[in-house]
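Here are a few notes to help you find your way around this structure. Have the sequence and the 3D view open as you read.

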Amino acid sequence: MTIKEATSVVPAAGRGGPRLLPGLLVAAGAAAVGHLVNHRFGAASPLVVAIVLGIALTACGGNRPWLQPGLRFAATTLLRIGIVLLGLQLVLADVVDLGVGPILVVVLGVAASFLATRWAGRRLGLTPDRSLLVATGVAICGASAVAAMNQVGDGEEEDVVTAVAVVTVLGTVSMIALPALGVLFGLDEVLLGLWVGASVHEVGQVVAVGGAVGATALSAAVVVKLFRVLLLAPLVALVALVRRSGTRTTHGVRKPPLLPWFVVGFVAAALLRSTGWLPTGLVDLGSLAGTVLLAAAMFALGAAVDLRAVARGGRQAVTAGAVGTLVLSGVTLAGLALTT
């Protein structure tokens, strides 16, 4: 039984109170480990570390029934709250300062990458839900984008883990390839930074590469990457609208909401941060809390995964993701070279 299915059948009274505590404590511990690893190795996303720990817990036989209520809560409610708080990392004025040209290039690159990955996924025999998650992770922002999209999709936990694994592997390859290609193509520091932000998948990976290139590259890379994160909201909303239009209301089955509440909250948090009203300390605390909640949620999702199921579709998913990554990198480099 998946987390989504289990959540729908557990009585409301069983979801609250002390029954949640064991699973939540274990998930919190995994999130803390993820942050410690991230602090030591900046390119290692705490979300990826957490999902690996969740997989390991189940593989080693440690996923006991008494952990399930808390893990289900982490994989649903905490995940959605974490997505909302993710918006606190965005400052819209920084995005506007990029200029019309780079903004349009990034939007075009994200759209082309998303569509190319979906196309490749269909050709390679991936399920629609798995190809959707891989495409979202490649085009937008890695693990957090995958988790957000799965809230409006119908993917299984194995689909989430596969997509996260794909973007982690391909993002790592990009970390090595892009700086080398930048030297080969003779890119200046600003253009290389913009390209890194537009092409590398995880935020931590972008920071690591940009920081290694230089302060100017880092600043450009982070702003572009956060703009890609902002594109998560319209993409998730669009998919939700498409799925809603294809859902019938017969036999008591309700349509999905017109716009998921966590997407509205994500945009609202970004707008609130952009006003400048929030103290820096509060913004930092909210951003940290969001990452912790997302890491706990990813641990819970990982704990529901059968590694054998992931391995069966892994090669095709990597190939589809590689197609999307190449399209993203090619389109954005060409566009940025013409507009900057």
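The points below go through a pocket, a cavity, the nonpolar core and a pair of aromatic rings.

1. Before anything else, please keep in mind that this is a predicted model. The values in this note are computed from that model.

2. A good place to begin is the second largest pocket, with a volume of about 430 Å³. Its lining counts 22 residues, and those closest to the pocket centre are Pro-46, Gln-89, Val-203, Gly-204 and Thr-291. If you colour the lining by class, you will find 12 nonpolar, nine polar and one charged residues.

3. Which helices build the lining of the second largest pocket? At least two residues each come from H3 (21-40), H4 (46-59), H9 (143-150), H12 (203-213), H13 (215-230) and H16 (280-303). Helix H16 gives the largest share, with four residues.

4. Next, look inside for enclosed space. There is one cavity of 30 Å³ or more in the structure, and the largest cavity has a volume of about 40 Å³. Around the largest cavity you will find Ile-83, Ala-148, Leu-232, Ala-233, Val-236, Phe-262, Val-263 and Phe-266. Two or more of these lining residues come from each of helix H14 (232-245) and helix H15 (261-275). By class, the lining of the largest cavity has eight nonpolar residues, with no polar and no charged ones.

5. The largest nonpolar core takes in 97 residues. Within this core, the residues with the most contacts are Ile-140, Met-149, Val-164, Val-196, Phe-266 and Met-298. Helix H16 supplies the largest share of the core, 10 residues. As general background, nonpolar side chains in soluble globular proteins tend to be buried together.

6. Phe-266 deserves a second look, as it lines the largest cavity and is among the residues with the most contacts in the core. Leaving aside residues up to four places away in sequence, Phe-266 touches Ile-83, Val-84, Leu-86, Gly-87, Leu-90, Val-229, Leu-230 and Ala-233. Of these, Ile-83 and Ala-233 also appear in the lining of the largest cavity.

7. Finally, how many aromatic pairs are there? The count comes to one. In this pair, the rings of Trp-261 and Phe-262 have their centres 6.3 Å apart and their planes at 85°, so the arrangement is edge-to-face.

8. Are the two partners buried or exposed? Trp-261 has 49% relative accessibility and therefore counts as partly exposed, whereas Phe-262, at 4%, counts as buried. Phe-262 is also one of the residues that line the largest cavity.

Terms used: Residues numbered from 1 in each chain as written. Predicted model: local features only at pLDDT ≥ 70, side-chain atom pairs only at ≥ 80, totals over all residues. Heavy atoms only, no water. 1 Å grid on protein atoms, 1.4 Å probe; cavity = no way out; pocket = protein on both sides within 12 Å on 5 of 7 lines; lining within 4 Å. Points joined across faces, edges and corners; volume = space filled by probe spheres on them. Nonpolar A, V, L, I, M, F, W, Y, C, P; charged D, E, K, R; others polar. Core = buried A, V, L, I, M, F, W, Y, C linked by side-chain atoms within 4.5 Å. Buried < 20%, exposed > 50% of the residue type's maximum accessible area, 1.4 Å probe, protein only. Contact = heavy atoms within 4.5 Å. Phe/Tyr/Trp six-rings, centres within 6.5 Å; stacked < 30°, edge-to-face > 60°.
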